[in-house]
Amino acid sequence: MTTSAKPIIAVPASNEKQAQPYIDALIPWEADPLLLVPGGVSPREALERMDGLLLIGGADVHPRRYGSEPDPAVTLDLDEARDAMDIELLEGALARNLPIVAICRGLQLLNVVSGGSLSQHITGHRNDAPDALSKSIQHRIWIAPGSKLASIVGSGGQVRVNSLHHQGLMEAQRAPVLMTTAYGVEDGLVEALESPHHRFVVAVQCHPERTDELPEQFQRLFAALVYQAANPEG
């Protein structure tokens with residue numbers, strides 16, 4: 001637990017450029033972002049300093065992490081050093097009941113660490129490339145009323161969000177310890193997860209850091225993470 005005036009939010013990434021949009025999204029809410037990259041500050045040391053965790057987009061989770069081998073018919077963007085770092089941070093944050101927001105790859109990693117699996121490639125209206133700089137597309141999701149996500153963004157029901165991923169999960173692949181709190185209207189893909197066993201663990205498949213592509217209320221995800229990190233007894 002930090003003694004800083006601002007809560008420290010760990011942001012693990014493959015590099016600083018990848019993390020910057022997420023760091024920029026945290027700063028307006030009076031956070032102190034802690035950038036973590038493989039080979040830098042160790043997850044063990046970070047866990048002693050941080051008040052919350054923001055898991056961000058990036059490389060595909062290695063299929064071995066959920067008991068599979070890479071599909072030779074699928075082009076995967078893998079970063080095993082990033083997997084190892086993120087998993088140690090996530091497991092440590094869950095064990096300490098720290099607040100967590102997980103985005104895109106972060107949602108997928110949360111599901112894997114919690115005992116679920118992933119589809120290595122999804123087809124249809126999703127982007128085929130995992131490149132975070134690619135142009136995203138729009139689609140409709142349904143948010144469960146009464147969920148933490150609905151409370152944060154102000155309402156449940158249908159909303160249009162961005163989509164920038166080629167992997168994901170269906171309900172049958174969800175870890176049993178997690179709850180699905182949003183799904184794709186057209187394809188049924190899981191679009192949000194929460195943990196009922198932790199104080200604040202919210203994961204979304206969309207990219208709220210891309211502020212010009214989502215309803216403004218999705219910025220409250222970052223605000224909620226910082227608030228929870230600053231008020232551990234709240």
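Here is a short chat about a few residues in this predicted model.

Reader: How confident is the predictor in this protein, going by mean pLDDT?
Author: The mean pLDDT is 91, and 92% of the residues reach 70 or more. Residues 125–133 are a weak spot to watch, since pLDDT stays under 50 there. The model still has 31 contacts beyond four places in sequence for that stretch.

Reader: Why is Arg82 called buried?
Author: Buried means under 20% relative accessible area, and Arg82 has 0%, so the label fits. You'll find Arg82 in helix H3, residues 80–95. Setting aside neighbours within four places in sequence, Arg82 is in contact with several residues, including Pro12, Gln18, Ile56 and Arg105.

Reader: What makes Leu169 count as buried?
Author: Same recipe: the cut-off is under 20%, and Leu169 sits at 0% relative accessibility, so it counts as buried. Leu169 is in the loop between strand E6 (157–163) and E7. Beyond four places in sequence, its contacts include Leu107, Asn111, Leu189 and Val190.

Reader: How far apart are Leu169 and Gln205 in sequence and in space?
Author: They are 36 residues apart in sequence and 10.0 Å apart in space, going C-alpha to C-alpha.

Reader: Why is Tyr183 called partly exposed?
Author: Partly exposed covers what lies between buried, under 20%, and exposed, over 50%. Tyr183 has a relative accessible area of 37%, so it gets that middle label. Tyr183 is in strand E7, residues 179–184.

Reader: Which residues make the nonpolar surface patch with Tyr183?
Author: Trp142 and Val185 join Tyr183 there, and the patch is about 240 Å². Patch residues need over 30% relative accessible area, and Tyr183, at 37%, therefore clears that bar.

Key:
Residues numbered from 1 in each chain as written. Predicted model: local features only at pLDDT ≥ 70, side-chain atom pairs only at ≥ 80, totals over all residues. Heavy atoms only, no water. Patch = residues over 30% accessible without salt bridge, like charges linked within 9 Å, V, L, I, M, F, W, Y side chains within 5 Å. Areas by Shrake-Rupley, 256 points an atom, 1.4 Å probe, with all protein chains shown as cover. Salt bridge = Lys/Arg side-chain N within 4 Å of Asp/Glu carboxyl O. Helix = DSSP H or I, 4+ residues; strand = E, 2+ residues; numbered from the N terminus. Buried < 20%, exposed > 50% of the residue type's maximum accessible area, 1.4 Å probe, protein only. Contact = heavy atoms within 4.5 Å. pLDDT = per-residue confidence, 0-100.
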